Amino acid sequence: WPNDIYAAVRNQGTGKEELKKLGGILVTTNFNGGLVDVVIGCGLNVLNALPTTSLSQLVTPSEVSELTLEKVIATIMPVFEQMWDKFLSQGGSFEPFKDLYLTRWLHSDQVVTLTTVTPHQTVRIVGITPDYGLLRTLPEKGGPGAGFIDLQPDGNSFDMMAGLIKLKR
């Protein structure tokens, strides 16, 4: 949460770097009879044509001919397997990955609008809760005693480019 995969891409017109979505990750968990089932899905744009941003647009022209779905998955899976083994050996704890996650996290101090409440509320993203991985925010105009607003991914959608957290439809 958030689960999108972005790449920094230089805008040809302005020369500035922009974030472009390359894919996303979806994790679903089910608890039943004391057991936990986890399903992890990942979609990554590898060879898509414009206007979709894909890995093929981020490599040099000579590298594009070497870029294949098989090579991409063969690069990703050994790293994923090592991380999965570490996750399991730590009892399903996110703690070993927290620092790495936060160094790559795009959302610290991002101001967004919660459209899930009436009236809409402007909040600042301050991190993720240590217990359940909820998105932690603080009201921008909270006043004395204003506390955290922790948001669950279930039922909410984070539109990073629009700066909105809204109900899933």
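Start at the N terminus and colour the chain by secondary structure: the elements run β-β-β-α-α-α-β-β-β-β-β-β. In total that gives three helices and nine strands. Keep in mind as you click around that this is a predicted model.

**Stop 1: the whole chain**

Before zooming in, show the surface. The chain exposes about 11800 Å², and carbon and sulfur atoms supply 56% of that area. Buried residues account for 19% of the 169 residues. If you switch on contacts and keep those between residues at least 6 apart in sequence, 29% of them join residues at least 24 apart.

**Stop 2: the sheet at the N-terminal end of the element list**

Now select residues 4-10, 17-32 and 35-44, which are β1, β2 and β3. Together they form an open sheet of three strands in the order β1-β2-β3, with antiparallel pairing. The edge strands are β1 and β3, each of which pairs on one side only. Look along the sheet and you can follow the twist, which averages 15° from one strand to the next.

Strands of a sheet pair through backbone hydrogen bonds, so showing the backbone is a good way to view this part. Between β1 and β2 there are seven bridges, in the antiparallel sense. For one of these partners, click on Asp-4: what is its bridge partner in β2? The partner is Gly-24.

**Stop 3: a pocket beside the strands**

Stay with β1 and β2, and select Val-9, Arg-10, Asn-11, Gln-12, Glu-18 and Lys-20, then add Leu-50, Pro-51, Thr-53, Gln-57 and Leu-58. These residues line the second largest pocket, which has a volume of about 220 Å³. Both β1 and β2 contribute to the lining, each with at least two residues.

**Stop 4: Phe-94**

Next, go to the helices and pick out α2 (69-89) and α3 (95-104); Phe-94 is in the loop between them. Is Phe-94 buried, exposed or partly exposed? Phe-94 counts as partly exposed because its relative accessibility is 41%, and that class lies between the under 20% of buried residues and the over 50% of exposed ones.

Show the side chains around this loop. Leaving aside residues up to four places away in sequence, Phe-94 touches Phe-87 and Tyr-101. To finish, select Pro-130, which is 36 residues from Phe-94 along the chain. A distance line drawn between the C-alpha atoms of Phe-94 and Pro-130 should read 8.7 Å.

Notes. Residues are numbered from 1 along each chain as its sequence is written. This is a predicted model: local features need pLDDT of at least 70, side-chain atom pairs count only at pLDDT 80 or more; totals for chains, interfaces and linings use all residues. Side-chain values use heavy atoms; hydrogens and water are left out. Helices (H or I, at least four residues) and strands (E, at least two) are DSSP runs, numbered from the N terminus. Buried means under 20% relative accessible area, exposed over 50%, partly exposed in between (1.4 Å probe, protein chains only). Contact means heavy atoms within 4.5 Å. Accessible areas come from the Shrake-Rupley method with a 1.4 Å probe; for residues, only the protein chains shown count as cover. Two strands pair if DSSP finds at least two bridges between them. Axes are lines fitted to C-alpha atoms, for helices over the stretch in contact, and angles run from 0 to 180 degrees between N-to-C directions. On a 1 Å grid over the protein atoms alone, a cavity is a set of points where a 1.4 Å probe fits but cannot get out, and a pocket is an open set with protein on both sides within 12 Å along at least five of seven lines; lining residues have an atom within 4 Å of a point. Grid points are joined across faces, edges and corners, and a volume is the space filled by probe spheres set on the points.
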